[in-house]
Amino acid sequence: MAVQGAYALEKAIGHDTEHIQQDVSSYTGANEHVSSGETMKALVWQGKQKVEVVDVPKPKIIEDRDVILKVTGTTVCGSDLHLLHGDVVQMKKGDILGHEFCGVVESVGKGVKGVKVGGRYVASFQIACGECFFCKQKLSSQCEMTNSNTMTKAMYGGRTAGIFGYSHLTGGFAGGQAEYVRVPLGDVNLLAIPDDVPDEKGIPLSPFPLFPFSIFFAVHLN
Ligand SMILES: [Zn+2]
Ligand SMILES: [Zn+2]
């Protein structure tokens with residue numbers, strides 16, 4: 001199966017260590033140490049053509065710049081169908097899906113600046129470092145620091161940023177079709193939603209790369 005073959009290949013090529021030390025696609029099994037010990041509901045990938053809402057461990061802060069977001073709005077995107085159909089390699093049973101979401105901040109790591117507990121935020125679907133060559137040019141979907149998967153580079157000659165809920169090829173990060181989600185580098189990847197903008201108008205900001213562009217849209221929604 002292509003999904004497993006891709007795993008074996010990546011294992012052979014190696015797995016880089018980048019900006020985010022712990023990419024976590026679920027909070028179960030070997031990753032249990034990254035769970036808060038409580039449980040939550042999440043939509044997980046169970047294999048080709050099969051997803052399920054199940055009880056899974058709830059995430060906790062594991063790195064200083066993590067934010068734990070209580071999800072109040074998320075999407076089922078057309079791109080999720082590629083995962084459902086098994087067209088994207090390196091999906092793993094139990095991976096939490098969802099790459100567009102917004103919510104209320106439950107807790108922040110001690111290195112997070114400018115994100116308030118209790119505030120409403122929309123997450124960027126790609127995880128950017130905000131500091132690398134590409135991020136500085138506002139090309140954050142090409143961030144070189146947040147996706148430690150070496151397969152992408154071997155296949156395409158370059159990398160994409162890490163992406164929430166979108167296979168281990170894009171870093172293996174648990175997504176937002178869940179009650180809670182861990183947002184790594186939360187100070188870079190969350191945008192405050194004004195009080196008078198409802199979730200359904202805030203979430204469409206998720207696919208827009210990094211903040212200057214997103215803020216432009218936020219202003220217009222306002
Ligand atoms: Zn999408
Ligand atoms: Zn970057």
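Let us begin with how the chain folds back on itself: among contacts between residues at least 6 apart in sequence, 68% join residues at least 24 apart. Please keep in mind that this is a predicted model. The secondary structure comes to seven helices and nine strands, and of the 222 residues of the chain, 48% count as buried.

A good place to start looking is the pair of strands β1 and β2. Strand β1 covers residues 35–47 and strand β2 covers residues 50–59; the two run antiparallel and are joined by nine bridges. If you would like one pair to find on screen, V44 stands opposite E52 in β2. The two strands form a hairpin with two residues between them, and in the turn Q49 has a positive phi of about 65°. Most residues other than glycine have a negative phi.

Now move on to the sheet. Five strands form an open sheet in the order β8-β3-β4-β5-β9, with antiparallel pairing. Which strands stand at the edges? They are β8 (180–183) and β9 (190–192); each has a single partner strand, so one side of each is left without a neighbour in the sheet. From one strand to the next, the twist averages 45°. Strands of a sheet pair through backbone hydrogen bonds, either parallel or antiparallel.

Take the edge strand β8 as an example. Four bridges join β3 to β8, and these two strands run antiparallel. The bridge partner of I68 in β8 is R182, while the partner of L69 there is V181. Looking along β8, you will find Y180 and R182 pointing one way and V181 and V183 pointing the other way, and all of them are buried. This fits a common pattern: in a regular strand the side chains alternate between the two faces of the sheet.

Strand β3 (residues 67–74) also holds G73. Is G73 buried or partly exposed? With 19 C-beta neighbours inside 10 Å, G73 counts as partly exposed, because a residue needs 20 or more to be buried. G73 also illustrates how distant parts of the chain meet: G73 and D199 are 126 residues apart in sequence, yet their C-alpha atoms are 5.9 Å apart in space. Leaving aside neighbours within four places in sequence, G73 is in contact with F101, C102, D199, E200 and I203.

Across the sheet, in strand β5, you will meet V122. V122 counts as buried because 27 C-beta neighbours lie inside 10 Å. V122 and N189 are 67 residues apart along the chain, and their C-alpha atoms are separated by 8.4 Å. Setting aside residues within four places in sequence, the contacts of V122 are C102, L191, I193, G202, I203, L205 and S206.

From here we can turn to the nonpolar core. The largest nonpolar core has 55 residues, and those with the most contacts inside it are V67, L69, Y121 and A123. Which elements give two or more residues to this core? They are β1, β3, β4 (101–108), β5 (120–123), α3, β8 and β9. Strand β1, already familiar from the hairpin, gives the most, with five residues. In soluble globular proteins, nonpolar side chains tend to be buried together. To see the surroundings of one core residue, look at A123: not counting residues up to four places away in sequence, A123 touches L69, F101, C102, F164, G176, V183, N189, L190 and S206.

Finally, two loops deserve a visit. K138 lies in the loop between α3 (133–136) and α4 (150–156). The phi of K138 is near 65°, a positive value in a residue other than glycine. K138 is partly exposed, with 13 other C-beta atoms within 10 Å. The other loop, between β7 (162–163) and β8, contains S167. S167 is not a glycine either, and has a positive phi of about 80°. Is S167 buried or exposed? S167 counts as buried, because 24 C-beta neighbours lie inside 10 Å.

How values were computed: Residues numbered from 1 in each chain as written. Chains lettered and ligands numbered in written order. Predicted model: local features only at pLDDT ≥ 70, side-chain atom pairs only at ≥ 80, totals over all residues. Pairing = 2+ DSSP bridges. Buried ≥ 20, exposed ≤ 12 C-beta atoms within 10 Å, placed from the backbone. Contact = placed C-beta atoms within 7 Å. Axes fitted to C-alpha atoms, helices over the stretch in contact; angles between N-to-C directions. Core = buried A, V, L, I, M, F, W, Y, C linked by C-beta atoms within 7 Å.
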